[in-house]
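Here are my notes on the model you passed along, as numbered points. Have the coordinates open while you read.

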Amino acid sequence: MIPQSHFLILGAVLFAMGLYGALTRRTAIGILMSIELILNAANINLITFNKFIGNETLGQVFALFVIAIAAASAVIGLVLVIAVYRNMKTIFTEKMNILKW
Amino acid sequence: MVGYAHFIPLFPFAAFAVNILFGRKLGKMSALVSIGASFISLVIAAVTFIGNSHYGEGSYMIGRWLSFGGISLDFGVTVDPLSCMMLMVVTVVGTLIQVYSIGYMRDDKRYSRFFAYMSLFMGSMLGLLLSDNFVMLYIFWEGVGLCSYLLISFWFERPAAARAGMKAFITTRIGDTGLLIGILLLFFATKTLYFRDLGNLAINDTTLTVIALLIFCGAVGKSAQFPLHVWLPDAMEGPTPVSALIHAATMVAAGVYLVARTYGLFLAHHSSLIWVAYIGAITAFMAATIATVNNDIKRILAYSTISQLGFMMLALGVGGYDGGTFHLMTHAFFKALLFLCAGSVIHAVHTQDIFKMGGLLGKMKATGWTFLIGALAIAGVPPLSGFWSKDEILSEILREGHPILFGVAVVTSLLTAFYMFRLIFVVLFGKPRSELRAHESPAVMTVPLGILAAFSIFAGFFKPVKFEPLMMGVSAAISVTGIGMAYMLYIRNNKILPAPLRARFAFLYRLVSNKYYVDEIYDALIIRPCMRFADIAASFDSRVVDGAVNLTAYLSIIAGKVQCWFDLYVVDGIVNMAANITWLCSAVFRRLQTGLVQNYLLIAFFGLAIMILLKLTGGQ
């Protein structure tokens with residue numbers, strides 16, 4: 001049986017990758033993808049704790065909700081990216097500074 | 001048929017409304033509207049006249065008008081011999097004058113308005129004649145005054161006409177103010193305003209005399225009696241038919257009518273009546289003398305009117321009610337005739353100076369002969385109408401025992417015959433004194449002349465006269481003497497003016513030809529002080545009142561400037577300072593807003609990390 005720590009290490013690695021991607025990607029789509037990674041890291045943690053601590057399905061249900069919300073947020077994010085692209089002909093986040101002082 | 005009398009003034013008023021509203025569209029038809037209305041009034045007046053002579057007099061009420069404090073006032077109509085006679089005179093003369101005006105005013109650009117005013121004038125006068133109380137009378141009285149103003153200054157483009165209109169209005173207003181005060185005083189003293197109550201008023205003599213004299217003031221103004229006669233000669237600036245209407249039927253007759261209508265008031269106390277007599281005598285004599293030296297055809301007739309009105313007042317003043325009102329009627333006919341003849345002459349020769357005319361009888365047959373008839377009538381040659389009325393006045397004066405007044409009346413009659421025939425001889429006989437292309441006026445003007453001439457001849461027979469051979473002989477002799485004097489001076493001698501006579505009485509001549517300096521005296525005593533006072537008031541206005549206003553404005557400007565400065569530098573300064581402080585503070589913190597989304601994310605992550613660390617370390 002695979003010990004619990006392996007799962008948590010996987011989650012932590014995934015989270016770190018996502019965070020690194022979110023902080024370093026130049027394109028808005030890249031950032032969105034990185035956020036998805038962060039969410040999935042959270043999901044892995046939720047499933048893991050559900051498996052090793054409780055004997056109920058609360059963590060799984062929570063994970064399902066997170067997946068649904070991730071899908072919705074991805075949709076909204078992509079729509080925003082398309083809308084921004086139509087206006088500004090770019091998806092580089094450092095160019096999106098028209099609200100700046 | 002007496003009950004229809006109140007319709008008489010309504011037709012001219014309706015004609016006025018139609019002409020003033022639709023005059024432009026009606027054009028020349030407006031004359032027919034006015035004349036038609038006058039003619040209907042004439043017919044009703046005639047029916048009323050006949051009915052009155054059958055059924056006697058009476059006044060009746062049309063409707064309740066005012067009711068206040070237990071006193072009520074009705075719209076009433078008086079139908080008695082006096083009002084019936086005057087209704088006939090006004091409608092006959094008025095209708096004929098309007099017919100004449102078709103010819104006289106043919107080319108005038110305010111043709112329809114002229115007829116509108118004429119109708120209003122007639123309507124007001126007819127209403128005045130029918131009034132049975134002072135308030136109605138006063139309303140129509142002012143209506144007559146207004147119309148005289150409108151018509152005298154009808155050619156208001158000419159400054160003289162506009163001034164004459166104003167003079168007439170203001171002068172008569174002075175008298176009217178007296179009348180108004182008299183009416184109010186009568187009301188407060190007796191609580192009645194009806195003419196029928198005037199005979200037996202229960203008030204003391206002093207009040208009664210004061211009221212009578214105040215009412216007489218109104219008559220003095222309207223009938224152009226001394227000292228308010230100055231407006232009438234100037235009123236000659238109006239169109240000649242207007243002069244005829246004013247002099248014969250409407251305006252000036254109103255004053256005499258007022259005295260006759262309120263005669264009971266005057267009879268009650270003789271001290272007021274004697275005032276009427278003396279004012280009349282002074283006016284009659286003064287105006288007659290002025291007429292003998294004037295050279296303007298219309299002004300001679302105007303002074304003649306003043307003189308004749310003075311004659312009527314004189315008659316009324318000595319108690320000769322019949323003679324005065326009789327003369328009012330006959331005078332209306334022959335004075336209308338004379339004015340219309342003068343208008344016809346002016347129409348033909350385009351001048352008013354009699355010494356530029358001459359020998360017109362040959363060129364203008366109809367006008368000339370009717371003119372002569374009018375002159376014979378006013379001079380009092382038997383058996384024309386003027387003879388009968390004048391004779392009656394003279395005998396009444398003598399009968400009442402006023403030798404001085406009788407003397408004045410005789411001299412005035414003599415002068416009347418003299419100045420009328422001076423006019424006639426100079427205008428109609430002799431040789432033309434300047435190049436005039438005189439021509440007879442159209443039939444629409446000469447036919448009314450003929451009708452009026454017939455009235456001038458026969459009006460004297462409308463009233464049975466006591467036959468007094470001696471008095472009549474004297475009266476006829478007076479007029480023949482006057483005519484003879486004029487003949488001697490102006491036909492035989494045939495000089496422009498009898499120069500030797502003038503040289504001998506230079507002072508008198510100057511006095512008379514300057515109209516006794518009445519205008520000058522008024523100018524010096526009333527008008528000039530008024531003007532000076534107005535000037536002083538104006539300079540007070542422009543210096544003190546305007547100065548105060550300007551000072552206020554100037555102070556306001558200075559205060560405004562101070563406030564503006566305060567606003568700009570203090571209030572705005574505070575606001576700007578607040579804004580600047582905010583700006584300075586924000587200069588530091590806005591550096592955080594990089595606009596790079598990953599910076600925010602990084603900050604959020606480190607913030608979260610710090611919070612977790614704190615939680616982990618702080619939790620133990």
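1. Among contacts in chain A between residues at least 6 apart in sequence, the share joining residues at least 24 apart is 49%. For chain B, counted over residues at least 6 apart, the share at 24 or beyond is 82%. A contact here is two residues whose C-beta atoms, placed from the backbone, lie within 7 Å.

2. A word on provenance. This is a predicted model, where local features need pLDDT of at least 70, side-chain atom pairs count only at pLDDT 80 or more, and totals for chains, interfaces and linings use all residues. Residues are numbered from 1 along each chain as its sequence is written, while chains are lettered from A and ligands numbered from 1 in the order in which they are written.

3. Chain A has 3 helices and 0 strands, and reads α-α-α along the sequence. Chain B has 24 helices and 2 strands. Both element types are DSSP runs numbered from the N terminus: H or I over at least four residues for a helix, E over at least two for a strand.

4. On overall dimensions, the radius of gyration of chain A is 17 Å, against a value near 13 Å for a compact globule of 101 residues. Chain B comes out at 38 Å, where a compact globule of 620 residues would be near 25 Å. The radius is taken over C-alpha atoms, and the globule rule is 2.2 Å times the number of residues to the power 0.38. Along the principal axes, the C-alpha trace spans about 50 × 25 × 25 Å for chain A and roughly 160 × 65 × 50 Å for chain B.

5. How much of each chain is buried? In chain A, 12% of the 101 residues are; in chain B, 48% of the 620 residues are. Buried means 20 or more other C-beta atoms within 10 Å of the residue's own, exposed means 12 or fewer, and partly exposed is in between, with C-beta atoms placed from the backbone.

6. Now the interface. On the chain A side 8 residues are in contact with 9 residues of chain B. By class, the side of chain A that touches chain B has 4 nonpolar, 2 polar and 2 charged residues. The classes are: Ala, Val, Leu, Ile, Met, Phe, Trp, Tyr, Cys and Pro as nonpolar, Asp, Glu, Lys and Arg as charged, and the others, Gly among them, as polar.

7. Helix packing in chain A: the axes of α1 (residues 4-24) and α2 (residues 28-52) come within 8 Å and cross at roughly 165 degrees. That makes α1(A) and α2(A) roughly antiparallel. Axes are lines fitted to C-alpha atoms, for helices over the stretch in contact, with angles from 0 to 180 degrees between N-to-C directions. Under 35 degrees counts as roughly parallel, over 145 as roughly antiparallel, 65 to 115 as roughly perpendicular, and the rest as oblique. The contact of α1(A) with α2(A) has 16 nonpolar, 9 polar and no charged residues.

8. In chain B, look at α16 (residues 365-379) and α19 (residues 443-458), which pack at about 25 degrees with axes 9 Å apart. The two helices, α16(B) and α19(B), are therefore roughly parallel. Their crossing is left-handed, meaning that the near helix is turned anticlockwise from the far one by less than a right angle (clockwise would be right-handed). Among the residues that meet are B:Ala366, B:Ile373 and B:Gly374 from α16(B), with B:Leu449, B:Gly450 and B:Ala453 from α19(B). By class, this contact has 6 nonpolar, 6 polar and no charged residues.

9. Two backbone spots to check. A:Lys89 and B:Ala224 are both non-glycine residues with positive phi, near 55 degrees. A:Lys89 is in the segment after α3 (58-88) of chain A and counts as exposed, with 8 C-beta neighbours inside 10 Å. B:Ala224 is in the loop between α7 (205-222) and α8 (231-234) of chain B, and is buried, with 30 other C-beta atoms within 10 Å.

10. Which residues does B:Thr292 touch, leaving aside neighbours within four places in sequence? The contacts are B:Leu415, B:Phe418, B:Tyr419 and B:Arg422. B:Thr292 lies in α12 (residues 270-293) of chain B and is buried, with 20 other C-beta atoms within 10 Å.
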